[in-house]
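Reader: Could you take a close look at one part of this model for me, the part that faces the DNA? I'd also like to hear how the rest is put together around it.

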Protein chains: 2
Amino acid sequence: MRREVTLRDVAELAGVSSRTVSNVVNGYANVTEHTRERVQRAVEQLGYRPNVLARNLAQGRSGQIAVVVPYLDTPYFSELLQSVIRAARISGYNVLIDQTDGDPEHERAFIAHGSRRLLFDGIIFSPLGLDQQALADRDPDLPLVILGERSSDGTFDHVGIDDVAASRQATEHLLDLGRQRIAAIGDQPYATGEAAQRRTQGFREAHAARGLTPREDLIISTPRFNRPDGARAMAHLLDLPEPPDAVFCYSDLVALGAIRTLVSRGLRVPEDVAVIGYDDIEDGRFSNPTISTISPDKEMIATTAVERLLLRITSATPPEGLEVRAPHRLIVRESTAGRAAGTASPR
Amino acid sequence: MRREVTLRDVAELAGVSSRTVSNVVNGYANVTEHTRERVQRAVEQLGYRPNVLARNLAQGRSGQIAVVVPYLDTPYFSELLQSVIRAARISGYNVLIDQTDGDPEHERAFIAHGSRRLLFDGIIFSPLGLDQQALADRDPDLPLVILGERSSDGTFDHVGIDDVAASRQATEHLLDLGRQRIAAIGDQPYATGEAAQRRTQGFREAHAARGLTPREDLIISTPRFNRPDGARAMAHLLDLPEPPDAVFCYSDLVALGAIRTLVSRGLRVPEDVAVIGYDDIEDGRFSNPTISTISPDKEMIATTAVERLLLRITSATPPEGLEVRAPHRLIVRESTAGRAAGTASPR
DNA sequence: CTACGCTTTTGCAGCGCTGCAAAGCAAAGC
DNA sequence: GCTTTGCTTTGCAGCGCTGCAAAAGCGTAG
């Protein structure tokens, strides 16, 4: 591989110092038009391209942010990532992606010692099962923004929707339909299942507000929030002596799996069992039936997360920990409202 | 921010040279057990973490590979990415992700001057509309592996399945069902639509092999391969005087969109219209009906792509351009075979 | 006791860039 | 004419690490 063109080469050709070339390349102020042109010409003539590595070392930053999600192939995350990448790019940052496969150890390792010093300037983290302890052990110098609801100790930001309220709203929608036995799929009654537990809480609150108590055997735990889990859980529910007539699923994927089981058993959605999901992924707008869901403002979550992270990275004194609550709304589609709610070209 | 611990700090504490510390940290040979222990202790005591940036500069490589895809939220790509990231990580490489939004200019820019010198050591590229010209203009020093079928000029590798054969196979399956008027959704009859055109070719070949000629008005072009495109195209087909009784969709997303339109118009799949997709994304295994499809060996595509790229990166003399053809197979599910093919828990 | 070959350790230059502070320089002020 | 002011350009050190080649140590052979 032939030697690459360096600043010095350009400087020599243009007859200026390498520092001046650097100034031109970086668009710094106070360079006369005449000099700028000469340098510019030399840059083009030699095909100079800055060496990002050297710049990074000199500046002590990498210009990269890491985004860590449990699973990349979960539509919710890939949709979110898409917006994160766009937002980061606008500010000149590259995005390094990592998936933890939901492994708590992997998550912990990522946040704790940040062994890869300077590989990224900050991190947007969507933990699946990160407990408070792991958060406390984290590298305090690494700017951090957490996706999803989570109480902050003030040293990082988090961005998410109000899970409890959203879940209550979803459950209320099912209650409003007059359903009697409403199931919930997705609970995770252990330390790392905080997000799931907040949804269960909303589920209970909705019942309580009407003087009802949900039947405990209709609250089903699942290890993940994916289609197979949803399908399995639904099968289990249908085998109960008194199966539910409505289901609140903790993700759209779970809902898709549940619906799959219902349909394959010859049950009608929503006539026999109404289903509502969570996340508003594109699948739910084209599935049969289309899925009613809780729609978080993903674009806002993504841009806010990036914005806050960059603020943390660039500001000399770390800003206070912010808990950003992004808006969400209930979207009613066929899986609860029936065909009346559907159209040939779903939005 | 307090100063970080450097090699020199560790060296001082351990009473050795910084070069020796480097040797220990990197596990180089020829360090006595005694020295190694002393250094190790010092490393731990000070909490030393190597500065990746400095290492990168000194080594002249970044330890990162870029993966460029058109859209991150397309399940096919996110499923593929997942495997790519795993494979790269095993070899100690980080993955930088970028999406081009299918914009040919963006794609061209990425491959052409590679303006970000040394930000990544190589690139795995899944172009949507990259013509031969753009490929010819590319930075010849940047190791490159292309995903998807594409004839190589010998300076890069590409990995993909045999699109023509796979498409012929999919079409033959529909013909075997006795369908008379088979439509195709996803053609792209312009320079950047090579991938689509190969599928159309397979579609035609299947017909030709039986002495048939497909009806031209049943070959529908779409700008992308997504759900809305599929839904729209299907609506158009149904409005024809003689609508099709089977559809070959150039992606599973297109198939999902098409099925959505069919179902919402009260048509039965596959009784009224059989549908087959392409890609075998998870959605298709849980949709109603489940989707028959062409299943490329994604795991193999991903690992082969990484393997070849790393080979290019590390080998002194560039290896010959390889055209790797990954295996694929036809998977028959409900959308062509009816409920008989479905089960409560799809695989 | 010196020479030799081998392993282990060291010193130094340098990767290519930017931060910093000083130098140069032209126009303006006294 | 000489100093001051403000803009432009420069020189140099150094970011923290690794490549290279030489030096040091050490056991064995002559």
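Author: Here is the DNA-facing surface, followed by the chain contact, some strands and one helix residue.

Before anything else, this is a predicted model: local features need pLDDT of at least 70, side-chain atom pairs count only at pLDDT 80 or more, and totals for chains, interfaces and linings use all residues. Residues are numbered from 1 along each chain as its sequence is written, while chains are lettered from A and ligands numbered from 1 in the order in which they are written.

Let's start with DNA strand C. It is surrounded by 25 residues, and the closest are A:Leu7, A:Ser22 and A:Ala58 together with B:Asn30 and B:Thr35. A residue counts as near a strand here if its C-beta atom, placed from the backbone, lies within 6 Å of it. Four helices each put at least two residues into this surface: helix 2 (18-25) and helix 4 (52-59) of chain A, plus helix 2 (18-25) and helix 4 (52-59) of chain B. Helices are DSSP runs of H or I with at least four residues, strands are runs of E with at least two, and both are numbered from the N terminus. Helix 4 of chain A contributes the most, with 5 residues. Sorted by class, the surface near DNA strand C has 9 nonpolar, 12 polar and 4 charged residues; nonpolar means Ala, Val, Leu, Ile, Met, Phe, Trp, Tyr, Cys and Pro, charged means Asp, Glu, Lys and Arg, and the others, Gly among them, are polar.

Now swap over to DNA strand D. Around it are 25 residues, with A:Asn30, A:Thr35, B:Leu7, B:Ser22 and B:Ala58 coming nearest. Helix 2 and helix 4 of chain A, along with helix 2 and helix 4 of chain B, are the elements that give two or more residues to this surface. Here helix 4 of chain B has the largest share, 5 residues. The class split near DNA strand D is 9 nonpolar, 12 polar and 4 charged.

How do the two chains meet? The contact takes 52 residues from chain A and 52 residues from chain B, where two residues are in contact if their C-beta atoms, placed from the backbone, lie within 7 Å. On the chain B side, helix 4 turns up again, with helix 5 (75-90), strand 2 (94-99), helix 10 (227-238), helix 11 (252-264) and helix 12 (283-286) each supplying at least two residues. Helix 11 of chain B has the largest share of that side, 7 residues. The side of chain B that touches chain A divides into 23 nonpolar, 16 polar and 13 charged residues.

Chain B also has an open sheet of 4 strands, in the order 7-6-8-9 with parallel pairing; strands pair if DSSP finds at least two bridges between them. Strand 7 (219-221) and strand 9 (274-276) of chain B are its edge strands, each pairing on one side only. Strand 8 (residues 246-249) and strand 9 of chain B pair in the parallel sense over 3 bridges, and B:Phe248 has B:Ile276 of strand 9 as its bridge partner.

Strand 5 (residues 157-161) of chain B is largely enclosed by the rest of the structure, because 5 of its 5 residues are buried. Buried means 20 or more other C-beta atoms within 10 Å of a residue's own, exposed means 12 or fewer, and partly exposed is in between, with C-beta atoms placed from the backbone. B:Asp157, B:Val159 and B:Ile161 point one way from this strand, and B:His158 and B:Gly160 point the other way. Strand 4 (residues 144-147) of chain B pairs with strand 5 in the parallel sense over 3 bridges, with B:Ile146 bridging to B:His158. Strand 5 also pairs in the parallel sense with strand 11 (residues 323-326) of chain B, over 4 bridges, and there B:Val159 has B:Val324 as its bridge partner.

Back to chain A, which comes to 14 helices and 12 strands. Its C-alpha trace spans about 85 × 45 × 35 Å along the principal axes, and buried residues make up 51% of its 347 residues. Zooming in, A:Ala206 lies in helix 9 (residues 194-208) of chain A and is buried, with 24 other C-beta atoms within 10 Å. Leaving aside neighbours within four places in sequence, A:Ala206 is in contact with A:Arg168, A:Thr171, A:Glu172 and A:Leu175.
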